[in-house]
Amino acid sequence: MTQIQAGWGAGPSARYEDLAERFRPVFREIRAGAPARDHDRRLPHAELAALKEAGFTTLRLPPEEGGHGASLLELFGLLIELSEGDPNVTNALRAHFGFTEDVLNSPHPHWRRQWLPRIAARETVGSGVSETGTAKVGSFDTVLKRCGDAYVLDGSKFYTTGSLFADWIHLAAVDEAGQPIGAAVPRRAAGVEVLDDWDGFGQALTASGTARFTGVAVEASWVNPDPGRFRYAVAFYQLVHLATLAGIGRAAAGDVARLVAERTRVYSHGNAARAADDPQVLQVVGRVRGAAYAAGAIALKAAEALQRVWEADRAGDAEGAAVAASVADVEVNQAVTVVTGLVLDATTQLFDALGASSTRRGLALDRHWRNARTIATHNPRIYRDRTVGDFAVNGAAPPRQYRVGEA
């Protein structure tokens with residue numbers, strides 16, 4: 001069934017359906033097992049392996065580099081569909097797709113030559129940026145020191161989403177002088193330890209816990225020659241969350257519709273002999289579905305802004321790309337509170353169409369709200385409206401970085 005036939009609207013390109021059909025069988029398998037994985041807290045190793053085998057992790061690579069040449073719009077459309085299956089899996093790949101953008105946009109040919117073949121070979125990258133503890137905002141306690149012709153890495157990270165499943169960990173650190181430096185290190189290198197100690201009530205299967213680095217030998221070729229990120233990085237990483245929320249909305253809409261259709265018990269004070277014919281119940285189902293539709297449409301509209309940055313850079317228009325990147329930050333910021341609110345409300349309201357049995361743990365319907373609520377805590381939405389208001393009133397550009405630490 002195409003997206004149009006399912007009522008979600010046309011895909012973001014003429015070829016989108018052909019591209020999506022390559023991965024939808026894997027998406028369906030991922031969704032079928034999602035409630036049990038959530039209930040049993042079973043990490044999605046097999047599901048991520050199936051996506052790698054299908055070439056999903058190479059989406060953004062040009063065909064001549066072993067990928068599918070997907071546009072950013074196509075990527076985010078597919079991330080919505082994947083998130084309908086299991087948002088944990090999407091979040092586990094967020095750092096990988098961000099690292100891929102870094103490589104594609106890198107001005108250093110040798111860095112691209114090193115990493116494009118690895119990504120094409122289905123190697124994946126996890127996150128090693130955030131820290132807890134006493135590090136100051138904008139700095140890190142993790143240190144990468146020069147040692148002869150190589151480096152030595154020491155430190156600890158948290159929120160290392162996806163790293164437990166990955167081949168590499170992309171991390172941010174400081175050098176001996178306290179200056180920012182970035183590198184990718186093998187997940188299974190000596191001195192690297194990744195723990196499954198993330199205990200959040202949502203997105204519980206993303207392996208977003210601790211990574212420790214003790215005297216890790218880092219080759220000079222693994223150190224990024226440019227510690228900065230690609231122009232649209234802030235917007236990109238947040239938009240992955242919005243696409244994930246849109247997918248959660250779709251999953252919630254599908255579940256409530258299916259369970260209402262199957263429901264045989266009715267309330268004595270209801271409006272019909274079948275729940276499926278009760279207009280008030282149908283209104284709830286429609287409201288949940290409408291929220292999911294709107295969330296997806298908004299996310300893909302924001303993705304157009306990122307695509308404009310990409311195209312300006314490809315055309316060699318650095319000034320135009322810089323302006324487009326600032327506008328992309330505005331568009332994504334404008335979307336955050338709206339999409340978050342739509343999906344949080346929808347994943348609560350769905351229970352109004354069902355009976356008390358809908359709260360049984362085996363159905364795992366609560367996972368939709370738990371996952372959405374957890375994602376909504378990333379880069380808190382309470383600051384987004386203020387940022388957008390400052391742009392609208394004063395012409396102020398949104399922040400170019402989001403960091404957490406002690407003041």
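**Cores and helices in a predicted model**

Me: What kind of model is this?
Reply: This is a predicted model.

Me: Which residues have the most contacts inside the largest nonpolar core?
Reply: They are Phe56, Phe76, Val218, Phe236 and Leu306, in a core of 96 residues.

Me: And which helix gives the most to this core?
Reply: Helix H7, covering residues 233-262, does so with 11 residues.

Me: Is there another core apart from it, and how many residues does that one have?
Reply: Another core of 18 residues lies apart from the largest one. Trp8, Val260, Val281 and Ala346 are among its members.

Me: Back to Leu306. What is it in contact with, leaving aside neighbours within four places in sequence?
Reply: Leu306 is in contact with Leu72, Phe76, Tyr232, Ala235, Phe236, Leu239, Ala328 and Val332.

Me: Now helix H8. How many residues does it have, and what does it reach from first C-alpha to last?
Reply: Helix H8 spans residues 279-314, which makes 36 residues. The helix reaches 52 Å, close to the 52 Å expected at 1.5 Å a residue.

Me: What caps its N-terminal end?
Reply: Asp278 caps that end of H8, with a side-chain oxygen 2.9 Å from the backbone nitrogen of Gln280.

Me: And what follows H8?
Reply: Gly316 follows H8, and its phi is positive, near 80°.

Me: A different topic: where is Thr340?
Reply: Thr340 is in helix H9, residues 318-349.

Me: Buried or exposed?
Reply: Thr340 is buried, because its relative accessible area is 2%, and the cut-off for buried is under 20%.

Me: What does Thr340 touch, not counting residues up to four places away in sequence?
Reply: Thr340 touches Leu245, Ala376 and Arg381.

Key
Residues are numbered from 1 along each chain as its sequence is written. This is a predicted model: local features need pLDDT of at least 70, side-chain atom pairs count only at pLDDT 80 or more; totals for chains, interfaces and linings use all residues. Side-chain values use heavy atoms; hydrogens and water are left out. A nonpolar core is a set of buried Ala, Val, Leu, Ile, Met, Phe, Trp, Tyr and Cys residues joined through side-chain atoms within 4.5 Å. Buried means under 20% relative accessible area, exposed over 50%, partly exposed in between (1.4 Å probe, protein chains only). Helices (H or I, at least four residues) and strands (E, at least two) are DSSP runs, numbered from the N terminus. Contact means heavy atoms within 4.5 Å. The expected span of a helix is 1.5 Å times one less than its number of residues. A polar contact is a pair of N or O atoms within 3.5 Å; within protein, one must be able to donate a hydrogen and the other to accept it, and residues adjacent in sequence count only if both atoms are side-chain atoms.
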